[in-house]
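Visitor: I am new to this structure and would like to know how its features earn their names. Could you take me through the reasoning step by step?

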Amino acid sequence: QVTGPSGEVMNAVVLLEKTPFQEEKISELLKKHMKLELQMRNDIYSTYHLYPPPELSELKATVVYPATEKHLQKYLRQEVHLVRETWEDYRNITLPFIQSQSFSIQWVYNILEKKAEADRIIHENPDPCNGFVLVPDFKWNQNQLDDLYLIALVHRRDIKSLRDLTAEHLPLLRNVLQEGKEAVVKRFGVPGSQLRIYLHYQPSYYHLHVHFTALSYDAPGSSVERAHLLADVIDNLAMDAAYYQKRALTFPLRADEPLLKRFQEAG
Ligand code: M7G
């Protein structure tokens, strides 16, 4: 909790993460004269506490301020449960819930309108219907490719999530897949065969976006209960235009998310 400008108490979320090692800095780390405390020694084995100088001990800090109740929920560690949502459940439970919520997607519009992160854009297809913007996700500090994480935000504003997709969106989705891969290999040298390109269901932000992560990186949210590979989504829609308005979808919800309560109440 933080005291705001006029004395009111506001919530903030501060996320601290240790970033992966940068390979080229390891030798520096070992060469520099550094505080080293022996922890234990046994035969040929020994362990130490090593205290690197500030320039080699960076932490990544993400701040959300002021944070809403939903932000606090999102980042608090909690028990999770799987929900299996039929199309009828989506229409009767999930959709009205999403519409009653106001989780702002202003940050997405800021990127699309070049009001924020404009200098970070990796690729843009400016077509209002079939175009998108590719930017580094704020989970990635871009210092090393090990945890490469980019996000493609589509220009059109009428697609909330996977559930809204139909065959009408195939040209858009194919652009994201094709141009996204080309842009990543061109800028970062990572080929499409080493990228995990997927959508989340449920997403946190209801404006269609696609995640691009390094295949070797065990990215948060890349597990089977949440991630849908874009290539599979495209194939499903090509086979059946209304695929995502028919099938049931499974997703995890944290124990005290109001949506879980609605599913439980509906039995
Ligand atoms: P999601 O699937 O809706 O939610 O993905 P998740 O956060 O539960 O995965 C939204 C993605 O957008 C996440 O990967 C976030 O890290 C990323 N993201 C969120 N915000 C607020 C920003 C932002 O301001 N800038 C950028 N570049 N990425 C963001």
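Guide: Strands are DSSP runs of E with at least two residues, and they are numbered from the N terminus. The model you are looking at is predicted. With that rule, Asp43 can be placed in the loop between strand 4 (35-42) and strand 5 (45-51).

Visitor: What makes the phi of Asp43 worth a remark?
Guide: Phi of Asp43 is near 55°, which is positive although the residue is not a glycine. Most residues other than glycine have a negative phi, so a positive value goes against the general pattern.

Visitor: Why is the peptide bond between Tyr65 and Pro66 called out?
Guide: The bond that joins Tyr65 and Pro66 is cis, with omega about -5°, and Pro66 sits in the loop between strand 6 and helix 2. A second cis bond runs from Tyr201 to Gln202, where omega is near -10°, and Gln202 belongs to the loop between strand 11 (195-200) and strand 12 (209-214). Such bonds are singled out because most peptide bonds are trans.

Visitor: How do you know that Glu85 and Arg163 form a salt bridge?
Guide: The rule asks for a side-chain nitrogen of Lys or Arg within 4 Å of a carboxyl oxygen of Asp or Glu. For Glu85 and Arg163 the N to O distance is 2.9 Å, so the pair meets the rule. The two residues come from distant parts of the chain, 78 residues apart, with Glu85 in strand 7 (residues 80-85) and Arg163 in the loop between strand 10 (149-154) and helix 5 (170-188). In the whole structure the search finds 12 salt bridges.

Visitor: How many salt bridges cross the interface of domain 1 and domain 2?
Guide: The rule finds 0 there, although 2 residue pairs, both at pLDDT 80 or more, are in polar contact between the two domains. On the side of domain 1 that touches domain 2, strand 6 (59-64) and helix 2 (69-75) each supply at least two residues, and helix 2 gives the largest share, with 4 residues. By class, that side of domain 1 has 2 nonpolar, 6 polar and 4 charged residues.

Visitor: Where do the two domains lie in the chain, and what makes them neighbours in contact?
Guide: The domain assignment gives domain 1 as 2-74 and domain 2 as 77-266, and their centres, taken over C-alpha atoms, are 29 Å apart. Contact requires heavy atoms within 4.5 Å, and 12 residues of domain 1 are in contact with 14 residues of domain 2, so the word applies. Together they bury about 1200 Å², 48% of it on carbon and sulfur atoms. Lys70, Gln73 and Lys74 supply 44% of the area that domain 1 buries against domain 2, more than any other three residues.

Visitor: Why is the pair of Glu117 and the ligand called a polar contact?
Guide: A polar contact needs N or O atoms within 3.5 Å, and a nitrogen atom of the ligand is 2.7 Å from an N or O atom in the side chain of Glu117, so the pair qualifies. A polar side-chain atom of Ser204 likewise lies 2.7 Å from an oxygen atom of the ligand, while a polar backbone atom of Tyr205 is 3.1 Å from a ligand oxygen. Of the 16 residues around the ligand, Lys74, Glu117, Asp137, His200 and Ser204 come nearest.

Terms used: Residues are numbered from 1 along each chain as its sequence is written. This is a predicted model: local features need pLDDT of at least 70, side-chain atom pairs count only at pLDDT 80 or more; totals for chains, interfaces and linings use all residues. Side-chain values use heavy atoms; hydrogens and water are left out. Domain bounds come from an automatic or database domain assignment. Buried area is the accessible area (1.4 Å probe) that two parts lose on being put together, summed over both. A polar contact is a pair of N or O atoms within 3.5 Å; within protein, one must be able to donate a hydrogen and the other to accept it, and residues adjacent in sequence count only if both atoms are side-chain atoms. Ala, Val, Leu, Ile, Met, Phe, Trp, Tyr, Cys and Pro count as nonpolar, Asp, Glu, Lys and Arg as charged, and the others, Gly among them, as polar. A residue is near a molecule or strand if one of its heavy atoms lies within 4 Å of it.
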